[in-house]
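Let's take a walk through a protein together, one piece at a time. Have a look at the picture first, then read on.

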Amino acid sequence: MCIQLTHVQPAHLLTRMRTVVLANIIAGFSTAWLLRLGLGADPCSTMNSGIAAHLPISFGTWSLILNLLLMVVVLCTDRRQLGFGTVSNMVFVGYSADFFGWLIDRSVPASFFDSWEIKLAIGIPALAIFILAAGVYIAMDLGTSPYDAIPAIIAKRQNSMSYRTVRTLWDVTALAIGVLAGASFGPVSIICAFTLGPVIAWVGKTVRERFFQTGGRRGGRAPAPAHA
């Protein structure tokens with residue numbers, strides 16, 4: 001795994017690592033709400049929730065297993081994509097979604113989410129928080145989740161399609177798998193499938209330049225958002 005320590009003060013690196021963990025926990029918190037609203041979620045979460053529903057394991061555990069499998073591909077093709085942020089994303093997003101989902105299920109009746117007013121009142125902020133958390137995670141430049149790394153690698157290795165096109169096709173495929181597996185599908189799913197990747201990449205770039213100034217990305221890695 002690749003965390004560049006040169007030209008980075010230990011205290012600064014530690015701050016970035018803590019920020020990555022917090023951002024991934026917040027992304028998991030947002031994902032837990034999105035998965036219960038019936039409006040859909042980001043493509044990776046949609047796919048993982050659909051598959052996990054058929055397995056005797058939690059959403060977080062299946063998310064970790066899938067990313068471990070995808071990590072093998074990344075290790076064989078471009079291990080520069082990986083770092084501390086990779087492990088943090090793999091562990092904290094899924095298991096945070098499990099934990100906060102458990103709290104929501106114990107404290108909020110399912111009927112609470114029947115109203116469209118409630119769905120929108122919670123769904124819009126939850127999606128905005130997810131995008132911001134993912135953007136901060138990207139801004140720290142400490143590694144990409146395997147799910148996000150693969151479309152970046154594909155885009156880099158061919159010249160016929162842009163990163164945005166590859167990312168959209170990747171997300172639409174994940175969304176389709178989730179829907180076929182029985183996951184909740186809605187307007188948020190569609191919006192995320194076609195716009196989430198570029199939007200989070202832009203938010204990450206903006207956050208990095210304006211607040212953290214982490215010194216730019218490592219060579220050879222296209223911007224790729226954190227998933228949930």
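## Starting with one leucine

Leucine 34 counts as buried, since its relative accessibility is 3%. You'll find leucine 34 in helix α1. Try locating serine 45 as well: the two residues are 11 apart in sequence, and their C-alpha atoms are 9.4 Å apart in space.

Keep in mind that what you're looking at is a predicted model.

## The overall layout

So what is this protein built from? Its secondary structure comes to eight helices and zero strands. If you read from the N terminus on, the elements go α-α-α-α-α-α-α-α. The protein has 228 residues, and 52% of them count as buried.

## A helix tucked inside

How many of the 10 residues of α2 are buried? Nine of them are, so α2 is largely enclosed by the rest of the structure. The buried residues of α2 are Pro43, Cys44, Ser45, Thr46, Met47, Asn48, Ser49, Gly50 and Ala52. Serine 45, the partner we used for the distance from leucine 34, is on that list.

## The largest pocket

Now for some empty space. Rolling a probe the size of a water molecule over the atoms shows where empty space is left. The largest pocket here has a volume of about 310 Å³. Its lining takes in 16 residues, and those nearest the centre are Leu35, Arg36, Ser49, Ala53 and Phe59. Ser49 is also one of the buried residues of α2.

Which helices help to line this pocket? At least two lining residues come from each of α1 (10-37), α2 (43-52) and α4 (84-107). Sorted by chemistry, the lining has eight nonpolar residues, six polar ones and two charged ones.

## Salt bridges

The structure holds five salt bridges. One of them pairs lysine 156 with aspartate 78, with 3.8 Å between the closest N and O atoms. Lysine 156 sits in helix α6 and aspartate 78 in the loop between α3 (59-77) and α4, so this pair ties together parts that are 78 residues apart in sequence. Are the two partners buried or exposed to some degree? Lysine 156 is partly exposed, at 43% relative accessible area, while aspartate 78 counts as buried, at 7%.

Another salt bridge joins arginine 167 and aspartate 148, and here the closest N and O atoms are 2.7 Å apart. Arginine 167 belongs to helix α7 and aspartate 148 to helix α6, so the link ties together parts that are 19 residues apart in sequence. Arginine 167 is buried, with 4% relative accessible area, and aspartate 148 counts as buried too, at 0%.

## Arginine 167 has a second partner

Arginine 167 also meets aspartate 171 in a salt bridge, at 3.0 Å from N to O. These two are separated by about one helical turn, because they are four residues apart in helix α7. Here's the background: an α-helix has 3.6 residues a turn, so residues three or four places apart point the same way. Both aspartate 171 and arginine 167 are buried.

There's a network to spot as well: salt bridges with shared partners join Asp78, Arg80 and Lys156.

## A greasy patch on the surface

Next, look at the outside. Val172, Val179, Phe185, Ile190 and Phe194 make a nonpolar surface patch of about 410 Å². Helices α7 (163-180) and α8 (187-212) each supply at least two of the patch residues.

Where does phenylalanine 185 lie? It is in the loop between α7 and α8. With 44% relative accessibility, phenylalanine 185 counts as partly exposed, because that value falls between the 20% limit for buried and the 50% limit for exposed.

## An unusual backbone angle

Last stop: aspartate 141, in the loop between α5 (116-139) and α6 (146-157). Most residues other than glycine have a negative phi. Aspartate 141 has a phi near 55 degrees, which is a positive value in a residue other than glycine. Is aspartate 141 buried or exposed? Its relative accessible area is 3%, so aspartate 141 is buried.

Key
Residues are numbered from 1 along each chain as its sequence is written. This is a predicted model: local features need pLDDT of at least 70, side-chain atom pairs count only at pLDDT 80 or more; totals for chains, interfaces and linings use all residues. Side-chain values use heavy atoms; hydrogens and water are left out. Patches are made of residues with over 30% relative accessible area and no salt bridge: like charges are joined within 9 Å, nonpolar side chains (Val, Leu, Ile, Met, Phe, Trp, Tyr) within 5 Å. Accessible areas come from the Shrake-Rupley method with a 1.4 Å probe; for residues, only the protein chains shown count as cover. A salt bridge is a side-chain nitrogen of Lys or Arg within 4 Å of a carboxyl oxygen of Asp or Glu. Buried means under 20% relative accessible area, exposed over 50%, partly exposed in between (1.4 Å probe, protein chains only). On a 1 Å grid over the protein atoms alone, a cavity is a set of points where a 1.4 Å probe fits but cannot get out, and a pocket is an open set with protein on both sides within 12 Å along at least five of seven lines; lining residues have an atom within 4 Å of a point. Grid points are joined across faces, edges and corners, and a volume is the space filled by probe spheres set on the points. Ala, Val, Leu, Ile, Met, Phe, Trp, Tyr, Cys and Pro count as nonpolar, Asp, Glu, Lys and Arg as charged, and the others, Gly among them, as polar.
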